[in-house]
Amino acid sequence: MSYGGPERRKHPRIDGKFVVSYRIEKESEHPHTSQTRNIGIGGMVLTTNRSFSSGTILTIDIHLPFITEKMNIKGQVLESKEIVKDLIYDTRITFLNTNPNSIKTMNDTVSYYQNYQKNFK
């Protein structure tokens with residue numbers, strides 16, 4: 001998914017494939033496991049196996065490097081875009097009510113990968 005317009009994000013994102021479990025909030029379904037396409041303090045793009053309506057609230061567990069515990073975050077779907085017909089969707093998510101420890105961990109992860117990517121370009 002390539003966007004050629006002006007950057008509208010408030011926070012930088014890194015391209016990265018981190019393991020994520022997600023489910024619709026307040027539903028008893030089993031969580032689905034997938035991976036991120038990109039991630040930052042404000043949100044992420046997640047590869048999903050279905051389309052979600054804009055506004056859907058997801059409970060998300062993110063497994064980031066450098067920490068042993070998974071981070072639990074709530075996110076609101078902005079858009080699901082079909083990539084492979086009826087199979088793969090890129091789902092844009094904005095994070096809701098992120099706690100300060102999660103913000104610090106996410107910021108540290110983004111900073112580390114930004115510096116790493118700069119050194120190998």
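Glu79 is partly exposed, with a relative accessible area of 33%, where partly exposed covers the range between buried, under 20% relative accessible area, and exposed, over 50%, as found with a 1.4 Å probe and protein chains only. This residue belongs to a predicted model, in which local features need pLDDT of at least 70 and side-chain atom pairs count only at pLDDT 80 or more, while totals for chains, interfaces and linings use all residues. Residues are numbered from 1 along each chain as its sequence is written, and side-chain values use heavy atoms, with hydrogens and water left out.

Glu79 is a good place to start, since it has a charged partner: it forms a salt bridge with Arg92, and the closest N and O atoms are 2.9 Å apart; a salt bridge here is a side-chain nitrogen of Lys or Arg within 4 Å of a carboxyl oxygen of Asp or Glu. Glu79 lies in strand E6 and Arg92 in strand E7, so the salt bridge ties together parts that are 13 residues apart in sequence. Arg92 counts as partly exposed, at 29% relative accessibility. The structure holds six salt bridges, and another of them links Asp61 to Lys70, with 3.8 Å between the closest N and O atoms. In this pair, Asp61 is buried, with a relative accessible area of 17%, whereas Lys70 is partly exposed at 47%. Lys85 and Asp86 also meet through their side chains in a salt bridge, at 3.9 Å from N to O, and both of these residues are exposed.

We can now step back to the whole chain. The protein has one helix and seven strands, where helices (H or I, at least four residues) and strands (E, at least two) are DSSP runs numbered from the N terminus. Read from the N terminus on, the elements follow the order β-β-β-β-β-β-β-α. Of the 121 residues in the protein, 35% are buried. Among contacts with a separation of 6 or more, 55% are between residues 24 or more positions apart, a contact being heavy atoms within 4.5 Å.

The next step is to see how strands are joined, and for this two strands are said to pair if DSSP finds at least two bridges between them. E2 and E3 pair in the antiparallel sense over four bridges; within this pairing, Val19 has Gln35 in E3 as its bridge partner, and Val20 stands opposite Ser34 in E3. E2 also runs antiparallel to E5, to which six bridges join it, and there Ile24 is partnered by Leu58 in E5. The loop between strand E2 (19-24) and strand E3 (32-40) contains Lys26, which is exposed, with a relative accessible area of 78%.

E3 continues into E4 by way of a hairpin of two residues, and three bridges join these antiparallel strands. Among the partners in E4 are Met44, which pairs with Ile39, and Val45, which pairs with Asn38. E4 is antiparallel to E7 as well, over six bridges, with Thr48 opposite Tyr89 in E7. In a regular strand the side chains alternate between the two faces of the sheet. In E4 both faces are covered, for Gly43, Val45 and Thr47 on one side and Met44, Leu46 and Thr48 on the other are all buried.

What lies inside? The largest nonpolar core has 21 residues, and those with the most contacts inside it are Ile39, Met44, Leu58, Ile60, Ile62, Phe95 and Met106; such a core is a set of buried Ala, Val, Leu, Ile, Met, Phe, Trp, Tyr and Cys residues joined through side-chain atoms within 4.5 Å. At least two residues of this core come from each of E2, E4, strand E5 (57-63), strand E6 (71-84), strand E7 (88-96) and helix H1 (100-119). Leaving aside its neighbours within four places in sequence, Ile60 is in contact with several residues, including Val20, Met44, Ile73 and Ile93. In soluble globular proteins, nonpolar side chains tend to be buried together.

Some nonpolar side chains are nevertheless found on the surface, where Phe66, Tyr112 and Tyr116 form a nonpolar patch. Tyr116, one of these residues, lies in helix H1 and is partly exposed, with a relative accessible area of 42%.

Technical notes
Patch = residues over 30% accessible without salt bridge, like charges linked within 9 Å, V, L, I, M, F, W, Y side chains within 5 Å. Areas by Shrake-Rupley, 256 points an atom, 1.4 Å probe, with all protein chains shown as cover.
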